[in-house]
Amino acid sequence: MSVVVTESLSLIHQELLITLAEARSILENYIDSDGGAADLGVCANALHSARGALQIAEANGASLLAEEMELTCRMLVDNQQSAPTDQGIEALTRAIVQLP
């Protein structure tokens, strides 16, 4: 039984690393090219997937961080034209380094 649990957690870990690398890459693309709301939306979706995997693995603190990052992305998408986003992007950049 413990072999199955170990293998399951290993698969979750691998997929989580891939998802977080994808989210980081999308965020870097957004920053470098001054991308649009679509980039942040895709990043938010990747963070949502990561949050689900973290909840399955019962990594509660990391799951909460991923949730806050997802909500920040969605807030930036909603307010992209009306408010400056430097602080939000800076917070996302710092947080995405903390997750892996």
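Which side chain meets that of E67 in a salt bridge? The points below take up this pair and then other parts of the model, which is a predicted one.

1. The partner of E67 is R51: their side chains form a salt bridge, with N and O 3.6 Å apart. E67 belongs to helix 3 (residues 60-78) and R51 to helix 2 (residues 37-56), so this salt bridge ties together parts that are 16 residues apart in sequence. The two residues are not equally covered. E67 has a relative accessibility of 27% and therefore counts as partly exposed. R51 has a relative accessible area of 16%, which makes it buried.

2. R51 also meets the side chain of E70 in a salt bridge, at 3.5 Å from N to O. This pair, too, links distant parts of the chain, since R51 is in helix 2 and E70 in helix 3, 19 residues apart. Both of these residues are buried.

3. E70 deserves a point of its own. Its place is in helix 3, and its relative accessible area is 7%, so E70 is buried. Apart from the salt bridge with R51, the side chain of E70 makes a polar contact with the side chain of H48, at 3.1 Å. If neighbours within four places in sequence are left aside, the residues in contact with E70 are A44, L47, H48 and R51.

4. How many salt bridges does a search of the whole structure find? The search finds four. One of them lies in helix 4, where E90 and R94 sit four residues apart, about one turn of the helix. The closest N and O atoms of E90 and R94 are 3.3 Å apart. E90 is partly exposed, with a relative accessible area of 45%. Elsewhere, salt bridges that share partners join R51, E67, E70 and R74 into one network.

5. The length of helix 4 can be checked by simple arithmetic. The helix has 13 residues (residues 86-98), and at 1.5 Å a residue it should span 18 Å. The C-alpha atoms at its ends are 19 Å apart, which agrees with that expectation.

6. Is the buried side of helix 4 spread around the axis or set on one face? The buried residues are G88, I89, L92, A95 and I96. Seen down the helix axis, these buried residues fall within an arc of 130°, so they line one face of helix 4. On the other side of the helix, D86, Q87, R94, V97 and Q98 are exposed. R94 therefore appears twice in this note: it is exposed, and it forms the salt bridge with E90.

7. How many disulfides does a search of the whole structure find? It finds zero. C43 is in no disulfide, and the nearest cysteine sulfur, that of C73, is 3.9 Å away. A disulfide is a covalent bond between the sulfur atoms of two cysteines. For C73, the closest cysteine sulfur is in C43, and at 3.9 Å this is too far for a bond; the cut-off used for a disulfide is 2.5 Å. Both cysteines are covered: C43 counts as buried at 0% relative accessibility, and C73 counts as buried at 0% as well.

8. S63 is found in helix 3. With 5% relative accessibility, S63 counts as buried. Not counting residues up to four places away in sequence, S63 touches R51, L54 and Q55. R51 is thus a neighbour of S63 as well as a salt-bridge partner of E67.

9. M75 is another residue of helix 3. It is partly exposed, with a relative accessible area of 39%. The C-alpha atoms of M75 and A44 are separated by 9.9 Å, while the two residues are 31 residues apart along the chain.

10. Where is E58 placed? E58 is in the loop between helix 2 and helix 3. Phi of E58 is near 60°, a positive value in a residue other than glycine. E58 is exposed, with a relative accessible area of 65%.

Key. Residues numbered from 1 in each chain as written. Predicted model: local features only at pLDDT ≥ 70, side-chain atom pairs only at ≥ 80, totals over all residues. Heavy atoms only, no water. Helix = DSSP H or I, 4+ residues; strand = E, 2+ residues; numbered from the N terminus. Expected span 1.5 Å × (residues − 1). Buried < 20%, exposed > 50% of the residue type's maximum accessible area, 1.4 Å probe, protein only. Arc of directions from axis to C-beta. Polar contact = N/O pair within 3.5 Å; in protein donor to acceptor, adjacent residues only side chain to side chain. Contact = heavy atoms within 4.5 Å.
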